[in-house]
Number of protein chains: 2
Amino acid sequence: MKEHENEFCEINAPHEESVKKAKAALLDTETLYDVAELFKIFGDSTRTSILATLSAGEMCVCDIAEVLNLSVSAVSHQLRILRHNKLVKARRCGKEVFYSLSDDHVVKILETATEHVKE
Amino acid sequence: MKEHENEFCEINAPHEESVKKAKAALLDTETLYDVAELFKIFGDSTRTSILATLSAGEMCVCDIAEVLNLSVSAVSHQLRILRHNKLVKARRCGKEVFYSLSDDHVVKILETATEHVKE
DNA sequence: CTCTTGCTTGAACAACTGTTCAACTGTAAT
DNA sequence: ATTACAGTTGAACAGTTGTTCAAGCAAGAG
């Protein structure tokens, strides 16, 4: 990110205009970073599986692990990430902790992507 | 993924039903994997930046690098990934290679996520 | 209190990812 | 043919990520 100062396309002017336009239209770095960060959360099949499972309704950690054939620890670790990113919310009830989707957006995003994948 | 065979919630029946229901409603593993795979592509700020840049129109590698202040090599590597996942398409014109979004879906997905991030 | 169960957490480790660097290909101009 | 430029590619490296394991915490039962 430092030694390409002189690497302009030296061919023609149209490029300069194009570059200028693109730079102006570009979202701010922070927003792009946040968007990528959001996608990163969805970019793991364990997490998407957990989210898909929770779209059927509230469920405790142990049952999620059972449904997905994962260790309780692995599920808990991923739920922590989902929790911190406000994609799921937790509700303690005695010894159990029930998790559910914190937002309808989540379902929508998943559905859209699923459609896209299925073509 | 092997020593949690006996880790059922041993409290009550409702859980069993819940588990059964969730298992039935769950998308097949392959679809979930593909969805996660798609999100993984979007889950890197360099790639989302490239896609956002290309949403302004066709552009050559050198110019993308210029807009985003990245090395040509780094951009090329990421474009390769985007190309293989059919998110962008390439068009050679003399010495230059122009890239563009291969699908309006891409823009839509990015826009939706951006809205979500901006709350 | 102690014991058990449901869940969480930190450390360790392996697997993966993105960038850089250097070498290379393809195209056009001299 | 030689040179220059636009872009690609493979290897190497550092940084990140997800799982497992073991230890711990919280809450109800005895």
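This text walks through two protein chains, the contact between them, and the surface beside a DNA strand. The model is predicted.

Start with how the two chains relate. Chain B can be laid on chain A by a turn of 180° and a shift of 0.0 Å along the axis. The RMSD of that fit is 0.1 Å. The relation is therefore that of a two-fold axis. Both copies use the same surface: 100% of the contact residues of chain B recur in chain A.

Now look at the contact itself. Chain A gives 52 residues to it, and chain B gives 52 residues. Which elements of chain B give two or more residues to the side that touches chain A? They are the helices α1 (13-25), α2 (29-42), α3 (45-54), α4 (61-68) and α6 (104-118), together with the strand β1 (59-60). The largest share comes from α2(B), with 10 residues. By class, this side of chain B holds 28 nonpolar residues, 15 polar and nine charged.

Next, turn to DNA strand C. Around the strand are 28 residues. Which of them come nearest? They are C60(A), V61(A), C62(A), S76(A) and D44(B). So both chains appear in that list.

Several elements build the surface near DNA strand C. From chain A, α4 (61-68), α5 (72-84) and β3 (96-101) each supply at least two residues. From chain B, α5 (72-84) does too. The largest share, six residues, comes from α5(A). In this surface, 12 residues are nonpolar, nine are polar and seven are charged.

Conventions:
Residues numbered from 1 in each chain as written. Chains lettered and ligands numbered in written order. Predicted model: local features only at pLDDT ≥ 70, side-chain atom pairs only at ≥ 80, totals over all residues. Contact = placed C-beta atoms within 7 Å. Helix = DSSP H or I, 4+ residues; strand = E, 2+ residues; numbered from the N terminus. Nonpolar A, V, L, I, M, F, W, Y, C, P; charged D, E, K, R; others polar. Near = placed C-beta within 6 Å. Least-squares fit on C-alpha atoms with pLDDT ≥ 70 in both.
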